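Ready for a short walk through this structure? Keep your viewer open and follow the selections in order.

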Amino acid sequence: MTPAEHDEACAVVSHLPHLFSSVYLEAFFADRKDWVALGGTSFRDWVRIAGACPEIWVDIFWANRRRILAHVLRFQEKLQEIISFLQEKDPEKLQAFLAEVFRLKEDLKR
């Protein structure tokens, strides 16, 4: 693996989860700490990495910002698809998306 390939992979498997969990936590729990009690294991898994050492993560995000930004934009496109399924009240498209994600998850187990 080249250094560039390493940075690309780390942007997706490490940097984005940190960034997304931080955005999630700040967006929904800055003023709703009472919701935390309703969260189960998926919630705890999701927020476990949020709020990691800011000095370290700002350096990581900044050093790999070009790759992170490219993948954030790709994520934004996928999120927009889900938004359109919900706005269009199209459960079939949502089901197809979730089925594909399930298949991808199963493939990752192999």
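Start with Arg103, which has a relative accessibility of 39% and therefore counts as partly exposed. Before you zoom in further, keep in mind that this is a predicted model.

**Stop 1: Arg103 and its partner**

Now add Asp107 to the selection and show both side chains. Arg103 and Asp107 form a salt bridge, with N and O 2.6 Å apart. Why do these two sit about one helical turn from each other? Both belong to helix α5, and they are separated by about one turn because they are four residues apart in that helix. Asp107, like its partner, is in the partly exposed class, with a relative accessible area of 32%.

**Stop 2: onward to Arg110**

Keep Asp107 displayed and select Arg110. Asp107 makes a salt bridge here too, this time with Arg110, at an N to O distance of 3.3 Å. Is Arg110 buried or exposed? Arg110 is exposed, and its relative accessible area is 77%. Next, add Glu100 to the view: Glu100, Arg103, Asp107 and Arg110 are joined into one network by salt bridges that share partners.

**Stop 3: Glu106 and Lys109**

Select Glu106 and Lys109 next. Their side chains are linked by a salt bridge, and the closest N and O atoms are 3.1 Å apart. Glu106 and Lys109 are three residues apart in helix α5, so about one helical turn lies between them. How do the two ends of this pair compare in exposure? Glu106 is partly exposed, at 23% relative accessible area, whereas Lys109 is exposed, at 59%. For the wider picture, the salt bridges in this model come to 11.

**Stop 4: where two helices pack**

Finally, zoom out and color helix α4 (residues 65-87) and helix α5 (residues 91-109) separately. The two helices pack at an angle of about 145°, and their axes are 8 Å apart. Which residues make the contact? On the α4 side, select Ile82, Phe85 and Leu86; on the α5 side, select Lys93, Leu94 and Phe97. Color these residues by type and you will find five nonpolar, one charged and no polar residues in the contact.

That brings you back to helix α5, the helix that holds both the Arg103 and Asp107 pair and the Glu106 and Lys109 pair.

Note on methods: Residues are numbered from 1 along each chain as its sequence is written. This is a predicted model: local features need pLDDT of at least 70, side-chain atom pairs count only at pLDDT 80 or more; totals for chains, interfaces and linings use all residues. Side-chain values use heavy atoms; hydrogens and water are left out. Axes are lines fitted to C-alpha atoms, for helices over the stretch in contact, and angles run from 0 to 180 degrees between N-to-C directions. Contact means heavy atoms within 4.5 Å. Ala, Val, Leu, Ile, Met, Phe, Trp, Tyr, Cys and Pro count as nonpolar, Asp, Glu, Lys and Arg as charged, and the others, Gly among them, as polar. A salt bridge is a side-chain nitrogen of Lys or Arg within 4 Å of a carboxyl oxygen of Asp or Glu. Buried means under 20% relative accessible area, exposed over 50%, partly exposed in between (1.4 Å probe, protein chains only).
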